[in-house]
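Please examine the sequence and the coordinates shown here before reading on. The paragraphs that follow lead through the structure step by step.

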Amino acid sequence: MKAAILLTFAALLPACTALAKPTRAECIVGYRLDWRSVKAERADVLNQMEIPNDLARRVALAGASFGTGEAVFLQFSQGCDTKSAKAAEILGYWKAKTRQLPEFVPITDVIRPGLQTIEVQGPHWRD
Amino acid sequence: MGGAAQFAVTTVVGGTVSVIGGGKFANGAAQAGFGYLFSQLAHERNNRLVARGFDRSQWQRVGLLTDAQSEAGFIGDQQMALSMSSVAGPLPTNQFYVEVSVRPLDASGNPIASVASPEWFKRVPYAGMSGISPLGTVTADFVIEATFSAPRYEWLVWMPPQPARHDNAASPQVELFKPRERR
């Protein structure tokens, strides 16, 4: 009987581990970019918006998407419950290092992963 | 060689074929008449190296991948550029690599059914030197081109775990660029 219970737990463990992982949507932060006050060329500004390797590692950034420059999306691999604070740290870096930044307007809706937003897949997420 | 003959050659020589865009081979083959058919020789793949190094002022950053074991996708043009960096040091090492593939999309961004040999669909590896040198950061920069023409392209860049003994495992990063659009 005990063996059967142990086997049941062993069988359920991988499923529980998978459920413990967040979905990608839970790890994405997005901002719409308002360029109205920016005179510099958009591509130049986007190219200046770097994320240093050590900062990316500190905030567990998995990827970022700039698309056509209408919005920016950040996806984290760990600590997704504090994703807004992590994103704020990246924005703080950009504001300190980049001239003529657009306004960052937080996207409050749930952001679904995809080619129109951010498409980063890997073992950190359950979808 | 006509389109029908190319299809026959591809299916026979390729043995099995793969289909982009989902569905079974039969569905893909049925769609091949109005989809895409790639009859390149087995050694050719869906993308190839065009140049090492590029002028960033001619390109626009579209994405960033900073997590090994993950894959990033984006819609781009026939050419894309990538820049690989890490904090390997005190000298850069020559072990940073990624794998790239590209799929054809229609003008609306939907996958186009495509038929080719399995070899054609494989991801293409790109490796280079990255890290920190006494003179500054060294990045491995590549310009890559899809070996076909399509209305749009879905680029997929996969970063496998980097070898720890070369320090590229610490903070690897791949920047993704598309040709710059002048406004």
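Two residues are in contact if their C-beta atoms, placed from the backbone, lie within 7 Å. By that criterion, and leaving aside its neighbours within four places in sequence, Leu82(B) is in contact with Val98(B), Phe142(B), Ile144(B), Val157(B), Val174(B), Glu175(B) and Leu176(B). The model in which these contacts are found is predicted.

Leu82(B) also belongs to the largest nonpolar core, which has 54 residues. Among the members with the most contacts inside this core are Leu82(B) and four of the residues just named, Val98(B), Val157(B), Val174(B) and Leu176(B). Leu74(A) is likewise listed among those with the most contacts inside the core, and the core thus includes residues of chain A and of chain B.

The two chains also meet at an interface, where 24 residues of chain A are in contact with 25 residues of chain B. On the side of chain A that touches chain B, at least two residues each are supplied by helix 2 (42–48), helix 3 (53–58), strand 2 (61–65) and strand 5 (119–121) of chain A. Strand 2 of chain A provides the largest share, five residues. By residue class, this side of chain A comprises eleven nonpolar, eight polar and five charged residues.

Strand 5 of chain A has a further role in the description, in pairing between the chains: strand 5 of chain A and strand 5 (residues 70–76) of chain B pair in the antiparallel sense over three bridges. Within this pairing, Glu119(A) has Gly73(B) as its bridge partner in strand 5 of chain B.

The pairing forms part of an open sheet of six strands, in the order 5(A)-5(B)-12(B)-7(B)-9(B)-10(B), with antiparallel pairing. Its edge strands are strand 5 of chain A and strand 10 (136–138) of chain B, each of which pairs on one side only. On average, and with direction ignored, neighbouring strands of this sheet are turned by 25° against each other. At the edge formed by strand 10 of chain B, three bridges join that strand to strand 9 (residues 124–133) of chain B, and the two run antiparallel. Here Ser133(B) stands opposite Gly136(B) in strand 10 of chain B.

Confidence remains to be considered. The model scores ipTM 0.85 and pTM 0.82. Chain B averages a pLDDT of 79, and 74% of the residues score at least 70. Over residues 1–34 of chain B, pLDDT stays under 50, although the model has 45 contacts beyond four places in sequence for this segment. Where pLDDT is low, predicted coordinates should not be read in detail.

Methods:
Residues numbered from 1 in each chain as written. Chains lettered and ligands numbered in written order. Predicted model: local features only at pLDDT ≥ 70, side-chain atom pairs only at ≥ 80, totals over all residues. Helix = DSSP H or I, 4+ residues; strand = E, 2+ residues; numbered from the N terminus. Nonpolar A, V, L, I, M, F, W, Y, C, P; charged D, E, K, R; others polar. Pairing = 2+ DSSP bridges. Axes fitted to C-alpha atoms, helices over the stretch in contact; angles between N-to-C directions. Core = buried A, V, L, I, M, F, W, Y, C linked by C-beta atoms within 7 Å. Buried ≥ 20, exposed ≤ 12 C-beta atoms within 10 Å, placed from the backbone. pLDDT = per-residue confidence, 0-100.
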